[in-house]
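Student: Could you take a close look at the aromatic pairing here and walk me through it? I'd like the cut-offs spelled out too.

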Amino acid sequence: MLDLIPHSAEHVVAMKVGGVVTGPELQRAIDAIEAAKRDHPVISLVVEIDNLRFLTLTALLKDVGYGLTQLDDLERYHRAAVVTDQAWIEHIAHLEERLFKAVEIRTFPLRDHAAAMAWAAELPTGAHENPEEDGYHGA
């Protein structure tokens, strides 16, 4: 199961993952990420993972294939919040943070879902559409 969940910040793609993830479910997430990238210079992700069992072969191949296409586009990703109580997922997230230095990756326990959503919504300095949000108040 992979469901997109609403987020108040348009540059954030949030999803909840658990059980078995199929290829069509993963494609919906990929489509949402690509749509956010078309509309925003940088995006962030929130992935809540609870009781993930496995990805189908189609989903796994789609995930690896899409991931490889994103290696040259990592500067478009600002933050990834991984929300889980599964220790093995936390270990993978910490490894990914070391491998993909361009993306700020942080893990949150399930009870801190709201904090993860807020953290992902923060934009880097210079990325706000309104310059005043970046601290510029005119000459």
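Tutor: Here's the aromatic pairing, followed by the chain around it. Quick ground rules: this is a predicted model, where local features need pLDDT of at least 70, side-chain atom pairs count only at pLDDT 80 or more, and totals for chains, interfaces and linings use all residues. Residues are numbered from 1 along each chain as its sequence is written, and side-chain values use heavy atoms, with hydrogens and water left out.

Rings of Phe, Tyr and Trp (its six-membered ring) pair if their centres lie within 6.5 Å; planes under 30 degrees apart are stacked, over 60 edge-to-face, and the rest tilted. That rule gives one aromatic pair. The ring centres of Phe 108 and Trp 119 are 5.8 Å apart and the planes sit at 55 degrees, so this pair is tilted. It links distant parts of the chain, eleven residues apart: Phe 108 belongs to strand S5 (residues 104–108) and Trp 119 to helix H4 (residues 113–121). Helices (H or I, at least four residues) and strands (E, at least two) are DSSP runs, numbered from the N terminus.

How about burial? Buried means under 20% relative accessible area, exposed over 50%, partly exposed in between (1.4 Å probe, protein chains only). Phe 108 has 5% relative accessibility, so it counts as buried, and Trp 119 is buried as well, at 8%.

Zooming out, the protein chain has four helices and five strands, running β-β-α-β-α-β-α-β-α from the N terminus. Of its 139 residues, 39% are buried.
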